[in-house]
Amino acid sequence: MKRFLIFLLLSTWTTCILAQGELDQQQKVFFRNEKSFGVQLNSDGIGIGYRVGKRIDYLNKIIIEIDGGTLKNPKEHKQRYPYSQASSFVYGKLNSTFYMRGGLGRQHELFSKEDYGGISIRYFYSGGPSLAIYKPIYYVVLYPVPGTIPYEYVQKEEKFDLNAITSPQDIYGKAPFTKGLEELKVLPGVYAKAGFNFEYSKEDRVIHAIEFGGQINVYSKEVPIMAIAHNKQFFPSIFLSYRFGIIADPLHPETNSVINIFRRKRQ
């Protein structure tokens, strides 16, 4: 009888342990919503973003993202006034231009990670509204003082005007970025984005991933970036980004802050 009771207790304890292990596996399958930040290098600028991935099933997620960055014209070329420490500038540039956008998309896992040292491969696509936000650039322009030999110059902060600023040598540098903020303008548009995600974290609850792909921003009219080069309405580009974040646990919401990425231990 005593041996039977010991056997029964051991059996019950083992069953509980196994059942708990199965629950953990189920959590890994069904409860793997994601929160991540991204730093992105585009062929026409740089960007940062935030993304939430909500699992639909074992291999698919709905993604919600917000990001922003810079838009550049391919004809931009930085210069500096000779023998000076003044800020560099792009001759002929009218506006500093940025984008802000938010969208919905989908992510599908092609290959799942088998162990902590593995890599999972997904493809994703997203799209939604995009805003081009631009402000005029003010330059420190040099004007010679008549009657002075050698020439003395007076400095004025002005927007680029091809009739007045006929050469890069007329520009000493850029005025502070805050100059012209009250003249911000916005153009509405849309964007589409698609690529591949390679997630390689050695932590079960932490995300480290590299992404690459292509994207396009399209606006209601040409964005006035340059005065002496063709401006565009369509901004296609390729991108490479690094993402970091966490797998959200709905059973323990107190652990879902992204700050926990810096203090998690391997599961």
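## Salt bridges, cavities and buried sites in a predicted model

K113 and E199 form a salt bridge whose closest N and O atoms lie 2.6 Å apart. The two residues come from distant parts of the chain, 86 residues apart: K113 sits in the loop between β6 and β7 (120-136), and E199 in strand β11 (residues 185-199). K113 is partly exposed, because its relative accessible area is 26%. E199 has a relative accessibility of 5% and therefore counts as buried. The model is a predicted one.

### Overall make-up

The protein chain has one helix and 13 strands. Along the sequence the order is α-β-β-β-β-β-β-β-β-β-β-β-β-β, with the helix ahead of the strands. Of the 267 residues in the protein chain, 39% are buried. Among contacts in the protein chain with a separation of 6 or more, 66% are between residues 24 or more positions apart.

### Salt bridges

Across the whole structure, a search finds eleven salt bridges. Three of them are listed here.

| Pair | Closest N to O distance |
|---|---|
| K113 and E199 | 2.6 Å |
| E183 and K159 | 2.6 Å |
| K61 and E34 | 3.2 Å |

E183 pairs with K159 through a salt bridge. This pair also links distant parts of the chain, with E183 in the loop between β10 (171-174) and β11 and K159 in strand β9 (residues 153-159), 24 residues apart. E183, at 24% relative accessibility, counts as partly exposed. K159 counts as partly exposed too, at 38% relative accessibility.

Salt bridges with shared partners join E34, K61, E109 and R122 into one network. Within that network, the side chains of K61 and E34 meet at 3.2 Å, N to O. K61 belongs to strand β3 and E34 to strand β1, so their salt bridge ties together parts that are 27 residues apart in sequence. Both K61 and E34 are buried.

### R243 and the largest cavity

What charged partner does R243 have, given that R243 is buried? R243 has no salt bridge; E211, the nearest side chain of opposite charge, is 4.2 Å away. A salt bridge requires a side-chain nitrogen of Lys or Arg within 4 Å of a carboxyl oxygen of Asp or Glu, so the distance of 4.2 Å to E211 does not qualify. The side chain of R243 does make a polar contact, at 3.1 Å, with the side chain of S36.

R243 is part of strand β13 (residues 234-248). Setting aside neighbours within four places in sequence, its contacts include S36, F37 and G38, then G49, Y50 and R51, and also N197, I207, H208, A209 and E211.

The structure holds two cavities of 30 Å³ or more. The volume of the largest cavity is about 80 Å³. The largest cavity is lined by 14 residues, and those closest to its centre are Q40, G49, D67, K193 and R243. Strands β1 (33-42), β2 (45-55) and β3 (60-71) each supply at least two residues of this lining. The largest share, five residues, comes from β2. G49 thus appears both among the contacts of R243 and among the lining residues closest to the centre of the largest cavity.

### The second largest pocket

The second largest pocket has a volume of about 370 Å³. Its lining has 21 residues, with K78, K93, S96, I137 and K174 nearest the centre. At least two lining residues come from each of β3, β5 (89-90), β6 and β8 (138-144). Strand β6 gives the largest share of the lining, three residues.

### G103 in strand β6

Where does G103 lie? G103 is placed in strand β6 (residues 95-111). Is G103 buried or exposed? G103 is buried, because its relative accessible area is 9% and the cut-off for buried is under 20%. The C-alpha atoms of G103 and S126 are separated by 6.2 Å, although the two residues are 23 residues apart along the chain. Leaving out residues up to four places away in sequence, G103 touches I63, I64 and E65, together with G127, G128 and Y191.

Terms used:
Residues are numbered from 1 along each chain as its sequence is written. This is a predicted model: local features need pLDDT of at least 70, side-chain atom pairs count only at pLDDT 80 or more; totals for chains, interfaces and linings use all residues. Side-chain values use heavy atoms; hydrogens and water are left out. Helices (H or I, at least four residues) and strands (E, at least two) are DSSP runs, numbered from the N terminus. Buried means under 20% relative accessible area, exposed over 50%, partly exposed in between (1.4 Å probe, protein chains only). Lys and Arg count as positive and Asp and Glu as negative; His and the chain ends are not counted. A polar contact is a pair of N or O atoms within 3.5 Å; within protein, one must be able to donate a hydrogen and the other to accept it, and residues adjacent in sequence count only if both atoms are side-chain atoms. Contact means heavy atoms within 4.5 Å. On a 1 Å grid over the protein atoms alone, a cavity is a set of points where a 1.4 Å probe fits but cannot get out, and a pocket is an open set with protein on both sides within 12 Å along at least five of seven lines; lining residues have an atom within 4 Å of a point. Grid points are joined across faces, edges and corners, and a volume is the space filled by probe spheres set on the points.
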